[in-house]
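Open the model in your viewer and keep the sequence panel beside it. Each stop below says what to select and what to look for there.

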Amino acid sequence: MNKLREALAPWSPSRLRERAESRLRRTAAGTAVLNNAPYALLPLAAIAAGLAPEHLSIRWAFATIIAASYFILRSSRDLFAMVVLGAMLAYLPQKMDRFEQGILFDVALYAMLGIGLNIVVGYAGLLDLGYVAFFAVGAYAFALLSAPVYGGGFDVGTSFWIVLPMAMVLAALAGVLLGIPVLRLRGDYLAIVTLGFGEIVRIMINNENQTGLIGKHVNSTHGITNGPVGVFSIPKPHFFGIDLATPHEMYYVVLVGCLLAAFAAERIRISRVGRAWEAIREDEDVAAAMGVNTTRYKLLAFAIGASIGGIGGVIFAAKQSAVFPSDFNLDVSINVLALVIIGGMGNVRGVVLGSFLLIGLPDVLRDFSINISFINLDNLGADYRLVIFGAALVAVMVLRPEGLLPSRRRQAEFEQVRAIEAERAT
Amino acid sequence: MPLLSVRHVTRAFQGLVALNDVSIDVEPETIVGIIGPNGAGKTTLFNLLTGFYRPTSGEVWFDGRRIDGLPLDKIAAAGISRTFQNIRLFASMTAIENVLVGAHLHLTTNVVTAVLRPPNVLREERTALNTAVELLNFVGLKGRENELARNLAYGEQRRLEVARALAVRPRLLLLDEPTAGMNPGETAGMTRLIRELRDDLKITIVLIEHQMRVVMGVCEYITVLDHGEKISEGVPEVVQRDQRVIEAYLGTGQIITEGGA
C-alpha cells in the first residue's frame with residue numbers, strides 16, 4: 001500500500017497542483033489568473049452548463065459544481081465564492097429535467113443529513129450507524145399526520161410547516177432515547193448498538209400493520225404505520241399559496257434547510273457547546289474533570305443530530321408523497337456516514353462536497369461514455385457506474401484518508417499519524 | 001477548619017491495596033506536598049479526590065461537603081481542579097480552546113443561544129477569551145494561543161495544563177508532578193508559578209513531586225506515602241529527618257548484595 005502511494009505520489013492531486021501552480025506563478029499574469037481563476041471560471045462554467053445541449057447539461061452541471069465547490073469550499077472564508085456557489089446551486093436546476101432535479105434534491109437532502117450526522121460523529125466523536133432511524137421518525141411523523149385514512153394516515157391533515165418543528169422534537173426525543181442506553185459505550189460497541197437501533201425502528205414500522213394494542217384505538221385495520229404497505233397520498237406543502245410539488249420546488253426547501261442546518265451547526269461548533277463536544281471526543285474523562293457534564297452533552301449531540309435528520313425526513317416524505325419502510329434501511333445510514341467520512345469529518349463544507357460525490361456521482365455516471373475513434377463504449381457508465389464509483393471511493397480513501405476537506409483538527413491528527421508512520425519506516 | 005479532609009480512606013484494586021486508611025487534612029491557602037516512592041499511591045489519592053475513583057472505604061470532605069462518590073464534573077464544580085502526571089491535554093484543540101474548555105462551568109451559552117448569539121453571549125464569549133489569554137500569559141504561554149496543544153513543547157504543555165486547571169477557578173488545585181521531565185530553568189519557572197498561584201490567587205495547592213528541591217522549597221507541609229500508607233507528615237524540616245522516610249526512599253541499609261543496583 002505504501003509502495004503504491006509512493007508510486008502514485010508524483011501524480012497525486014496535490015503534487016500536480018503544486019507543479020502547475022509553481023509553473024503559473026513564474027509570470028505576473030499567471031499569478032493573477034491563479035488567484036482569481038476559480039471564481040472567474042465559475043460564472044463561465046455556469047453559463048456553459050446552461051448553454052450545453054439538454055442531454056449534456058447534467059454532466060456539465062455536476063462537473064462544474066463538484067470542481068467549483070471543491071475549490072470554493074477549500075478556500076474557506078471567501079464570502080464572494082460562497083455567494084457564487086449559492087447562486088449556482090439556485091440557478092442550475094432551472095436548466096435540468098425532472099430526473100436531474102431529483103438527483104440534485106437527493107444531493108441536497110443527503111448533505112443535510114450529513115450535516116446532522118456530522119454533529120454526532122464529527123463533533124462529539126460518537127459513531128452512529130443508526131442515523132436512518134431519525135430520518136424515518138421525521139418522515140413518518142409527517143406522513144401519518146398529513147395523509148388521509150385511505151393513504152394509511154391519521155387523517156388529521158396537519159400542515160407541513162407545523163409538522164417540521166414537531167418532527168424536530170420527536171426526532172430529538174428518539175435521539176435521547178437512543179443516547180441513554182449507549183452512554184457508556186465507546187467505539188465498536190457504540191457502532192453495533194446504534195446500527196441495531198436503526199434496524200429496530202425500521203422493523204417496528206414494518207411490523208406495525210396488525211391490529212395491535214395501540215393500533216386498535218387509532219386505526220382499526222392498518223395498525224399505526226400501515227406496515228409494509230407504507231403511507232401514501234401525503235399532501236404537498238404550500239408556501240404562501242405556492243404549491244411545492246415538483247422535485248425542483250422541494251429542492252429549494254431542502255436547500256434552505258441545508259443552509260440553516262449548516263449555519264446552526266457551525267455556530268454551535270465554535271461555541272461553548274462545540275468545545276465541550278470536542279473535549280469529549282478528545283478525552284472524555286478529562287472533559288468531565290474540567291466540569292463538562294458528559295452525559296448531558298452526549299445526549300445533546302444525539303438530540304441535535306437527530307432533529308436535523310428528522311427535518312430531512314419530513315422534507316423527504318413531502319417530496320416523495322409516499323413513504324415505505326424499505327426507504328429506511330441500513331443503506332441510508334451507511335451512505336450518510338460514508339459521505340461524512342469521504343468529504344471530511346468535522347467539516348460542514350466537506351460534508352456538502354461528500355454528498356455531491358457520493359449521491360450525485362453514481363447517477364451522473366449513468367450517461368458516462370467513451371467514444372474515441374474505434375472505441376465505442378456507449379453504455380460504460382450505465383453498466384459499470386457502480387464499479388467506477390467504488391474505484392473512485394477507494395482512490396479517495398487511499399490518497400486522502402482524512403477526507404477531501406477535513407477540518408483543521410482532523411488534518412492535524414492525520415499528519416501526526418503519517419509522521420509517525422514515516423518515522424517507523426526509516 | 002481544613003479545606004480538604006481525607007478521612008481514613010482505603011482504596012483496593014481487587015486485593016491490591018493502593019491506599020490504606022490514609023487521613024490528610026489540608027488547611028486553606030497552604031501548599032502541601034505529597035511525596036513517596038513509585039507506587040506509593042500518590043496518584044491514586046489524586047484520582048480519589050477528583051472523582052476518577054471512589055474510595056473502597058473512608059470519606060473525602062471538601063469545604064464542608066462530602067465529595068467522595070460524586071461524578072467528576074460535580075467535583076470540578078465544587079472547586080477542585082487538577083493536572084495530570086501523563087499530560088492529558090485536548091491534543092487536537094488549540095491552547096486557548098483548552099483553556100476555554102476549562103472555563104466551561106463559568107459560561108452559560110447553550111445550544112439555542114449559540115445559534116442565535118444574543119449580545120450577552122457575544123459579550124460572555126469575549127470576556128472568556130480575554131480571561132483565557134490572561135491565564136495563558138500568567139503561565140507564560142504568551143503568543144502561543146492558537147497553537148495546537150500537541151505541537152507545544154513539553155514544558156509548555158505542562159503549563160497549559162495548569163492554565164486549563166486554573167480556568168475552572170478552583171479553590172483547591174492538585175498538581176501531579178508539575179515539574180516532571182523539565183529542565184532546571186523550566187522547573188524554577190514552575191516553582192515560581194506555584195508560589196504565585198497561592199500568593200496572588202489564594203488557591204490552595206496540593207502537589208505530587210519527586211524533585212526534593214522543589215518539594216522542600218515550595219511546600220509548607222508534607223505528607224509521605226509508602227505502599228499506600230501514610231508514614232510521615234509535617235513541615236519539610238521534620239519530614240526530611242524522619243527515619244521512616246529515609247528508609248522508604250533509601251532502604252534500611254541492612255542488606256547489601258554484591259554488585260546490587
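The tour starts with chain A, moves to chain B, and ends where the two chains touch.

**Before you select anything**

This is a predicted model: local features need pLDDT of at least 70, side-chain atom pairs count only at pLDDT 80 or more, and totals for chains, interfaces and linings use all residues. Residues are numbered from 1 along each chain as its sequence is written, and chains are lettered from A and ligands numbered from 1 in the order in which they are written.

**Stop 1: chain A**

Select chain A. Its secondary structure comes to 18 helices and 6 strands. Helices (H or I, at least four residues) and strands (E, at least two) are DSSP runs, numbered from the N terminus. Chain A has 426 residues, and 46% of them are buried. A residue is buried if 20 or more other C-beta atoms lie within 10 Å of its own, exposed if 12 or fewer, and partly exposed in between; C-beta atoms are placed from the backbone. Now look at contacts in chain A between residues at least 6 apart in sequence: 71% join residues at least 24 apart. Contact means that the C-beta atoms, placed from the backbone, lie within 7 Å.

**Stop 2: helix H14 and its neighbours**

Select H14(A), residues 294–320. Add H7(A), residues 132–146. The two pack at about 45 degrees, with their axes 6 Å apart. Axes are lines fitted to C-alpha atoms, for helices over the stretch in contact, and angles run from 0 to 180 degrees between N-to-C directions. H7(A) is therefore oblique to H14(A). Angles under 35 degrees count as roughly parallel, over 145 as roughly antiparallel, 65 to 115 as roughly perpendicular and the rest as oblique. H7(A) passes H14(A) in a right-handed crossing. A crossing is left-handed if the near helix is turned anticlockwise from the far one by less than a right angle, and right-handed if clockwise. Residues of this contact include Phe135(A) and Phe142(A) of H7(A), and Gly309(A), Gly313(A) and Phe316(A) of H14(A). By class, the contact has 14 nonpolar, 5 polar and no charged residues. Ala, Val, Leu, Ile, Met, Phe, Trp, Tyr, Cys and Pro count as nonpolar, Asp, Glu, Lys and Arg as charged, and the others, Gly among them, as polar.

Next, add H6(A), residues 98–123. Its axis and that of H14(A) come within 8 Å and cross at roughly 165 degrees. H6(A) and H14(A) are therefore roughly antiparallel. Their crossing is left-handed. Among the residues in contact are Phe105(A) and Tyr123(A) of H6(A), with Phe302(A) and Lys319(A) of H14(A). This contact divides into 15 nonpolar, 4 polar and 1 charged.

Then add H12(A), residues 272–282. H12(A) and H14(A) pack at about 105 degrees, with axes 10 Å apart. That makes them roughly perpendicular. Ala276(A), Trp277(A) and Ile280(A) of H12(A) meet Thr294(A), Tyr297(A), Lys298(A) and Ala301(A) of H14(A).

**Stop 3: the sheet in chain B**

Switch to chain B. Four strands form an open antiparallel sheet in the order S2-S1-S4-S5. Two strands pair if DSSP finds at least two bridges between them. S2 and S5 (65–66) stand at the edges, each with a single partner strand, so one side of each lacks a neighbour in the sheet. S1(B) and S2(B) pair over 7 bridges. Their hairpin has 2 residues between the strands, and Gln14(B) takes a positive phi near 40 degrees. At the other end, 2 bridges join S4(B), residues 57–62, to S5(B). Trp61(B) stands opposite Arg66(B) there. Helix H1 (residues 42–49) of chain B lies across S1, S2 and S4.

**Stop 4: Val22(B)**

Select Val22(B), in S2(B). Is Val22(B) buried or exposed? Val22(B) is buried, with 24 other C-beta atoms within 10 Å. Its bridge partner is Val9(B). Beyond neighbours within four places in sequence, Val22(B) contacts Val6(B), Val9(B), Leu45(B), Glu229(B) and Lys230(B).

**Stop 5: where the chains touch**

Show both chains. 30 residues of chain B are in contact with 27 residues of chain A. Helices H2 (72–78), H3 (95–102) and H4 (111–116) of chain B each supply at least two residues of the chain B side. That side has 17 nonpolar, 6 polar and 7 charged residues.

Technical notes. Two residues are in contact if their C-beta atoms, placed from the backbone, lie within 7 Å.
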